[in-house]
Amino acid sequence: MSFAMTMLSWSVIEYNHKYEAIDEYKHARELIKWGTDYLLLTFNSSATKIDKIYSQVGGSQNGSSTPDDHYCWQRPEDMDYPRLVQEATSGPDLAGEMAAALAAASIVFRDNPTYSKKLVQGAQTVFAFARDFGKRTPYCRGNPYIEPYYNSSGYFDEFMWGAAWLYYATGNNTYISLATNPGLSKNSKAFYMFPDQSVLSWDNKLPAAMLLLTRMRIMLNPGYPYEDMLRMYHNVTGLTMCSYLHRFGVFNWTKGGMIQLNHGQPQPLQYMANAAFLASLFVDYLNATGVPGWNCGPTFVSTKDLRSFATSQINYILGDNPMKMSYVVGYGNKFPRHVHHRAASIPSDKKHYSCTGGWKWRDTRNPNPHNITGAMVGGPDRFDKFRDVRGNYSYTEPTLAGNAGLVAALVSLTTSGGTGVDRNTIFSAVPPLYPGSPPPPPPWRP
């Protein structure tokens, strides 16, 4: 959820003019505030030091037949079984992402100084908790309600991501010093160049963090002492973009033209949408500085090639695929009708369905009585095949995090409201990097 809020905030900061043009700016801000208000309630956001975060409400244990969020199929308003609240007394991964979300949102709401300040304060508090050296166990570790579902591969990427956002939100140099600390890139394996490192997801922020820091190099050119690390982040960001291009053969592609960023595993679309957003954003950063492309080894690649990658993947999601099907509910004529979603699948018949009484709606072959319009489902398999079956969440489950990446990619690719990014808003709290010009000397008199 925090990742979804960070992605939405990032897209609003970069493309507020586009959101305004399609009359979605206020709506996007309402969505972000809904999320950040919730996040601020999960820890003592008015304190400067905390010792716990309420990390999850509800959940399920694998194979359990106790009424819980997986076993029961009910409308949210009918759920009456107990839902456990998980507490994290250590959580560098979770708290690092929460800090990123609150810091990014503080830039979105800079026209509301009271709320913006509250978000910055919360971000600093939760980031200090993330960085607490005695509490570096990932929040999922050993928790049967979290580990099987939200297992974290590490937390140094969240440190880089959270620190970058906090620097942009506060202008405090300790954050940029941390984000460009060689130890951080070493521990996050930022320069190892495994293909998986270039895949942005709710678990891996590395490619996004490095692109966000590359933005600083391209547009502010801060020089010493940050230049060496920023140059390396810039280089790796370039290589990440190379890896998304079909001709370099880094990732497998389906016959129908979908990049397989998660090795043909289920629910591929969220990774594609995230990659499309990063690629489109990188193009806009280069365009903003008049740079026509970058090098992939000896090959020069133009920004047009990268933009067409981003466009092709989003077009695939919207229906340009072998199934001729839009994977966004309500878009086009052919889209999933059996979405794995409790509220969408149960009719508004004023009847209360118990935990297991709702199973008949889960298992029916009839289409959902309600369309969850705008939701992107998990997506097809590695053979471009899609089964519109409610019981198979691999194909038909929509997620908050996946949809945030889709919204970001769509707004980056639309030309409504003009093209390009808002160059300066993101840096509004960053102090001038160079001393101002001295006043001119007094006129010389003999």
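**View 1. A nonpolar patch on the surface of the predicted model.** In this predicted model, the residues M1, W34, Y38, Y54, V57, V85 and L400 together make a nonpolar surface patch of about 680 Å². Two elements each give two or more residues to this nonpolar patch, namely α2, which spans residues 25–41, and β1, which spans residues 53–57.

**View 2. M1, one of the residues of the nonpolar patch.** M1 is found in the segment before α1, the helix that covers residues 2–21. With a relative accessible area of 36%, M1 is described as partly exposed, because that label is used for values that lie between the 20% limit for buried residues and the 50% limit for exposed ones.

**View 3. Three residues annotated as "active site".** According to an unreviewed UniProt entry, the annotation "active site" covers H340, D388 and E397. Although these residues are spread over 58 residues of sequence, they cluster in space, and the largest C-alpha distance is 10.2 Å. Of these residues, E397 is included in the lining of the largest cavity.

**View 4. The surroundings of H340.** H340, which the UniProt record includes under "active site", is found in the loop that lies between α11 (303–318) and α12 (342–345). Its relative accessibility is 14%, and H340 therefore counts as buried, since buried means under 20%. When its neighbours within four places in sequence are left aside, H340 is in contact with W73, R390, Y393, T396, E397 and P398, so that a student following the chain can find here another residue of the annotation, E397.

**View 5. The surroundings of E397.** E397 lies in the loop between α14, made of residues 393–396, and α15, made of residues 400–413. At 24% relative accessibility E397 counts as partly exposed, whereas H340, at 14%, counts as buried. If residues up to four places away in sequence are not counted, E397 touches Q267, H340, M376, V377 and G378. The lining of the largest cavity includes E397 as well.

**View 6. N187 and D157, two residues separated along the chain.** The place of N187 is in helix α7, which runs over residues 182–187, and at 41% relative accessibility N187 counts as partly exposed. N187 and D157 are 30 residues apart in sequence, while in space they are 8.7 Å apart, taken from C-alpha to C-alpha.

Note on methods:
Residues numbered from 1 in each chain as written. Predicted model: local features only at pLDDT ≥ 70, side-chain atom pairs only at ≥ 80, totals over all residues. Heavy atoms only, no water. Patch = residues over 30% accessible without salt bridge, like charges linked within 9 Å, V, L, I, M, F, W, Y side chains within 5 Å. Areas by Shrake-Rupley, 256 points an atom, 1.4 Å probe, with all protein chains shown as cover. Salt bridge = Lys/Arg side-chain N within 4 Å of Asp/Glu carboxyl O. Helix = DSSP H or I, 4+ residues; strand = E, 2+ residues; numbered from the N terminus. Buried < 20%, exposed > 50% of the residue type's maximum accessible area, 1.4 Å probe, protein only. UniProt positions renumbered as here; feature names shortened; annotations may be inferred. 1 Å grid on protein atoms, 1.4 Å probe; cavity = no way out; pocket = protein on both sides within 12 Å on 5 of 7 lines; lining within 4 Å. Contact = heavy atoms within 4.5 Å.
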